[in-house]
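Reader: I am in my first year and would be grateful for a close look at one part of this structure. Please begin with a single loop and then set it beside the other features, explaining each term as it arises.

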Amino acid sequence: MPGTEKIRVRFAPSPTGHLHIGGVRTALFNWLFARHGGGVFILRIEDTDRSRSTDEYIESILEGMRWLNLDWDEGPFRQTERFDIYRSHIDKLLESGRAYRCYCSQEELEEKRKKAAAEGRPLSYDGRCRDIETPPSGITPSVRFRMPKEGRTVVDDLIKGTVVFENDQLDDLIIMRSDGTPTYNFVVVADDVDMGITHVIRGDDHLNNTPKQIHIYSALGHAAPAFGHLPMILGEDKARLSKRHGATSVIAYRDMGYLSDALVNYLVRLGWSYGDQEVFGREELIRYFSLENIGKSAAVFNPEKLLWLNAEYMKTTPPERLAELVMPFLKADGTVGPDDEIDDEMDKVWLSKAILTLTERAKTLVELSKSLRYYILEHVEIDEKAGKKFLNEKTLPYLKDIKEGLSGLEGFTGEGIQKVFNDITQKHGIKLGAVAQPVRVAVMGKTESPGIFEVLEVLGREKALKRMEKAIQAAGTF
């Protein structure tokens with residue numbers, strides 16, 4: 001068990017797919033544990049599965065980590081670049097007798113597995129090569145680790161408490177295949193030893209691997225790190241979280257317009273708590289985080305709660321920052337050109353002002369982008385149903401008077417615009433809604449928008465008057 005040495009933790013994803021929600025939470029808990037304790041956070045890519053690991057997935061993992069601002073202190077290390085280290089360790093285990101060569105063929109092992117399954121017995125290796133004296137010729141062996149067959153292995157888990165395993169139930173696992181490639185349970189230990197890992201925080205689907213790995217640490221002459229196994233994340237149907245529960249890739253949530261800080265906040269709360277507080281800043285998470293406050297029960301992923309939390313972050317994120325974040329979405333839907341940037345102060349101030357009118361309504365950056373279209377585009381299409389109801393012979397005089405009043409306004413501000421509306425309602429003896437809604441449909445093409453005075457001020461005199469003139473000409477034609 002580690003003593004008072006500096007905390008060193010690692011996140012070790014396998015690049016056989018994109019970075020998913022469960023993996024991110026594991027990375028996040030390791031990152032917070034390291035940052036809280038002034039330790040080191042290491043990123044390690046476990047890519048020994050050459051048939052399924054790809055450079056594309058590695059880049060996707062790195063992209064997801066960067067988007068979430070989970071910065072690593074060392075790495076990323078790739079296991080495929082460390083094979084010489086693993087083989088050196090295996091040679092030492094063979095010399096010490098803690099490992100042995102196995103000459104069983106894949107066909108033999110498969111036959112034994114089928115027989116055990118048919119008889120309802122555990123699928124474990126029978127140890128026939130443990131003490132073989134005369135190796136058969138013409139067979140390239142694999143290498144197995146010699147597990148103890150007596151006693152118990154006790155795991156003092158930092159989250160689950162004490163977990164006991166009977167050693168006679170532990171299989172002599174293969175640590176190097178006959179083609180010379182090392183296997184997961186061995187390389188993870190070799191890496192932890194070489195990288196000085198003090199704490200292993202990972203999903204509880206790895207708990208059954210822990211007693212095997214503890215014996216490998218011991219065989220390599222090192223104390224095992226402290227272990228903490230996180231409960232699984234389940235879907236709302238209480239099944240293990242999968243694609244059918246919605247997007248599980250981190251990049252998918254980015255593309256759906258979620259804010260990275262909101263996703264981080266939500267994932268931390270999937271299993272960890274600090275009183276009744278729901279919303280945390282990044283520095284608060286680092287300050288308050290502890291393994292003691294992680295629950296032992298599985299967490300349930302609730303997409304509606306994540307969306308609510310994202311909406312809260314949308315409201316509190318400075319509009320200048322949202323202006324930067326929403327630009328890729330505006331480009332993606334063609335609202336602005338692919339080469340356009342917010343490159344002058346006027347554009348930034350204007351876009352921030354427009355965003356400020358929308359953040360109470362937009363729950364994601366995608367929604368914000370769609371709403372901003374109505375401010376940015378030169379013209380808008382008027383919804384036929386809304387046009388028929390609000391742009392007609394009855395409202396035409398109101399629209400003409402409002403247009404005239406706005407065109408003669410000295411300063412195009414919300415206060416001045418409101419005075420124009422008040423003057424027109426008094427002139428015609430009508431309520432504000434009777435004129436505000438036709439103007440809203442005229443300039444936004446729909447019946448829902450922020451306050452009409454704000455809308456007109458953000459649009460600016462020129463664009464507002466152009467849209468109103470077009471609506472006046474179309475009145476009565478819907």
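Author: Helices (DSSP runs of H or I with at least four residues) and strands (runs of E with at least two) are numbered from the N terminus. The loop between helix 14 (384-390) and helix 15 (396-407) holds Asn392. The model is a predicted one, in which local features need pLDDT of at least 70 and side-chain atom pairs count only at pLDDT 80 or more, while totals for chains, interfaces and linings use all residues. Residues are numbered from 1 along each chain as its sequence is written, and side-chain values use heavy atoms, with hydrogens and water left out.

From its side chain, Asn392 reaches the backbone nitrogen of Thr395 at 3.1 Å. This is a polar contact (a pair of N or O atoms within 3.5 Å; within protein, one must be able to donate a hydrogen and the other to accept it, and residues adjacent in sequence count only if both atoms are side-chain atoms). If neighbours within four places in sequence are set aside, Asn392 is in contact (heavy atoms within 4.5 Å) with Ala475 and Gly476.

Other loops carry backbone features. Asn69 lies in the loop between helix 2 and strand 3, and its phi is positive, about 60°, although Asn69 is not a glycine. With a relative accessible area of 45%, Asn69 is partly exposed; buried means under 20%, exposed over 50%, and partly exposed in between (1.4 Å probe, protein chains only). Lys238 belongs to the loop between strand 11 (233-234) and helix 7 (250-255). Lys238 is not a glycine either, yet has a positive phi of about 70°, and at 55% relative accessible area Lys238 is exposed. Within strand 3 (residues 74-78) lies Pro76, and the peptide bond that leads to Pro76 from Gly75 is cis, with omega near 5°.

Helix 6 (residues 210-219) has 8 of its 10 residues buried, so this helix is largely enclosed by the rest of the structure. Among the buried residues are Thr210, Pro211, His215 and Tyr217. Just after helix 6, Gly221 takes a positive phi of about 85°.

The cysteines come next. A disulfide is a pair of cysteine sulfur atoms within 2.5 Å, and the count by this rule is 0. The sulfur of Cys102 is 3.8 Å from the closest cysteine sulfur, that of Cys104, which is too far for a bond. Cys104 is in no disulfide, and the nearest cysteine sulfur, in Cys129, is 3.8 Å away. Cys102 is buried at 1% relative accessibility, and Cys104 is buried at 12%.

Finally, there is the empty space. A pocket is an open set of points on a 1 Å grid over the protein atoms alone where a 1.4 Å probe fits, with protein on both sides within 12 Å along at least five of seven lines; lining residues have an atom within 4 Å of a point. The largest pocket has a volume (the space filled by probe spheres set on the points) of about 1200 Å³. Its lining has 41 residues, of which His20, Gly22, Gly23, Asp205 and Arg240 are the closest to the centre. Helix 1 (21-36), helix 2 (55-67) and strand 9 (199-203) are among the elements that each supply at least two lining residues; helix 1 gives the largest share, 5 residues.
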